[in-house]
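Dear colleague,

I am handing over the structure we spoke about, and below it you will find my notes on what came out of the analysis. Please read them with the model open beside you.

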Amino acid sequence: MDVANKSVSEFVLLGLSSSWELRLFFFMVFSLFYVATMLGNSLTVITVIADSHLHSPMYFLLTNLSIIDMSLASFATPKTITDYLTGHKTISFDGCITQIFFLHLFTGTEIILLMATSLDRYVAICKTLRYASVISPGMCVALVVASWGVGVMHSMSQVIFALTLPFCGPNGVDSFFCDLPVVFQLACVDTYVLGLFMISTSGIIALSCFILLFNSYVIILVTIKHHSKGSSKALSTCTAHFVVVFMFFGPCIFICMWPLNSFLIDKILSVLYTIFTPILNPTIYTLRNQEVKAAMSKLRNRLLNPNKTTPLLYF
């Protein structure tokens, strides 16, 4: 790291509010959602691994989505919860850059995974006879590897840009975690044009991916409409998937395409996709699914009555 570009050794996370009562409220809400996110997604992963009937491409992708959601919930939330409890607000320069890296790594990876999940549903519903040949185990692994590769490349571009900026004060980050739209405004040079281009480009990419996903779900819903058999289940599944897609993409697109907007709006949207969205996967994707609920019931019975059941099956 070029020391000449960094005279600021730490940043101050200003958080969501300076009120003690609101900080206590956020501490309780964030703690509750974080625990629920970790437990719900962990239960999903364990259930899919333990039940051989769920060893299918869709559940493989949803399992990886659960892992990403746990990671996205953990890059900053534990520190935020601890800071609300202790009153500590500072974060080192390296810690801030690390948060930017992991935030964009996990969001970039999740975008591609959501597209992969959409592809899986599209082929399953619209190209049913070709599903086994198109969505093969090898293809699923390739999609997951590609999602991580895209996430790494995206996050590295954001970090490299942040490291080239000179920071000499002020050092107050008007958020509860470090992200490029708020951090680059603290640089000691005029970064308006370059920063706006860099961040808005991410927003355009996210918007393009959202449009592709939206079109795929429109095609799926039209196809479902022309098939009465099993249409209600497929419609419910696709609607739930689209809710998650909208809740994830909406805040990301808004923050990236309008980075100089109201910080209050940005804070609310940041809470949505870092605190609330990660819990949507287990609640909407899986826990509403009858197959997953049946598998969880079987897993519970096996754990409560280990002598009466066969050993758990793993991948």
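Does lysine 298 count as buried, partly exposed or exposed? With a relative accessibility of 33%, lysine 298 counts as partly exposed. Please bear in mind throughout that this is a predicted model.

Salt bridges

Lysine 298 is a useful place to begin, since this residue forms a salt bridge with aspartate 51, in which the closest N and O atoms are 3.4 Å apart. The two partners belong to distant parts of the chain, 247 residues apart, with aspartate 51 in the loop between α1 and α2 (57-74) and lysine 298 in helix α12 (residues 290-304). Aspartate 51, for its part, is buried, at a relative accessible area of 5%.

The structure holds 3 salt bridges, and another of them joins the side chains of lysine 79 and aspartate 83, at 3.1 Å from N to O. Here both residues sit in helix α3 (residues 77-86) and are 4 residues apart, about one turn of the helix. Lysine 79 is partly exposed, with a relative accessible area of 25%, whereas aspartate 83 has 13% and is buried.

There is also a salt bridge between the side chains of aspartate 120 and arginine 121, with 2.8 Å from N to O. Aspartate 120 counts as buried at 1% relative accessibility, and arginine 121 counts as buried at 13%.

Disulfides

The count of disulfides comes to 2. One of them joins cysteine 96 to cysteine 178, with the sulfur atoms 2.1 Å apart. This pair links distant parts of the chain, 82 residues apart: cysteine 96 belongs to helix α4 (residues 93-126), and cysteine 178 to the loop between β3 (172-173) and α7 (180-183). Both cysteine 96 and cysteine 178 are buried, and their link is left-handed, with -115 degrees about the S-S bond.

A disulfide also joins cysteine 168 to cysteine 188, where the S to S distance is 1.8 Å. Cysteine 168 lies in the loop between α6 (137-163) and β3 and cysteine 188 in the loop between α7 and α8 (192-225), so this disulfide ties together parts that are 20 residues apart in sequence. The torsion about the S-S bond of cysteine 168 and cysteine 188 is about -140 degrees, so this disulfide is left-handed. As for accessibility, cysteine 168 counts as exposed at 54%, while cysteine 188 counts as partly exposed at 33%.

When the bonded cysteines of the protein are numbered in sequence order, the pairing reads 1-3, 2-4. I also looked at two further cysteines: cysteine 126 is partly exposed, with a relative accessible area of 21%, and cysteine 209 counts as buried at 11% relative accessibility.

Buried positions and the surface

Phenylalanine 167 is placed in the loop between α6 and β3 and counts as buried, at 2% relative accessibility. From phenylalanine 167 to valine 189 the separation is 22 residues in sequence and 8.5 Å in space, C-alpha to C-alpha.

Serine 118, found in helix α4, is likewise buried, with a relative accessible area of 2%. If its neighbours within four places in sequence are left aside, serine 118 is in contact with Leu213, Ser216, Tyr217 and Ile220.

On the surface, Trp20, Leu22, Leu24, Phe25 and Met28 make a nonpolar patch of about 530 Å². Leucine 22 lies in helix α1 (residues 20-50) and counts as partly exposed, at 40% relative accessibility.

The protein as a whole

The protein has 12 helices and 3 strands, and 48% of its 315 residues count as buried. Among the contacts with a separation of 6 or more, 79% are accounted for by residues 24 or more positions apart. The accessible surface comes to about 15,200 Å², and 71% of this belongs to carbon and sulfur atoms.

Confidence

The mean pLDDT of the protein is 82, and 84% of its residues reach 70 or more. Over residues 309-315, however, the pLDDT is below 50, although this stretch has 16 contacts in the model beyond near neighbours in sequence. Where pLDDT is low, the predicted coordinates should not be read in detail.

With best wishes

Terms used
Residues are numbered from 1 along each chain as its sequence is written. This is a predicted model: local features need pLDDT of at least 70, side-chain atom pairs count only at pLDDT 80 or more; totals for chains, interfaces and linings use all residues. Side-chain values use heavy atoms; hydrogens and water are left out. A disulfide is a pair of cysteine sulfur atoms within 2.5 Å. Helices (H or I, at least four residues) and strands (E, at least two) are DSSP runs, numbered from the N terminus. Buried means under 20% relative accessible area, exposed over 50%, partly exposed in between (1.4 Å probe, protein chains only). pLDDT is the predictor's confidence in each residue, from 0 to 100. Contact means heavy atoms within 4.5 Å. Patches are made of residues with over 30% relative accessible area and no salt bridge: like charges are joined within 9 Å, nonpolar side chains (Val, Leu, Ile, Met, Phe, Trp, Tyr) within 5 Å. Accessible areas come from the Shrake-Rupley method with a 1.4 Å probe; for residues, only the protein chains shown count as cover. A salt bridge is a side-chain nitrogen of Lys or Arg within 4 Å of a carboxyl oxygen of Asp or Glu.
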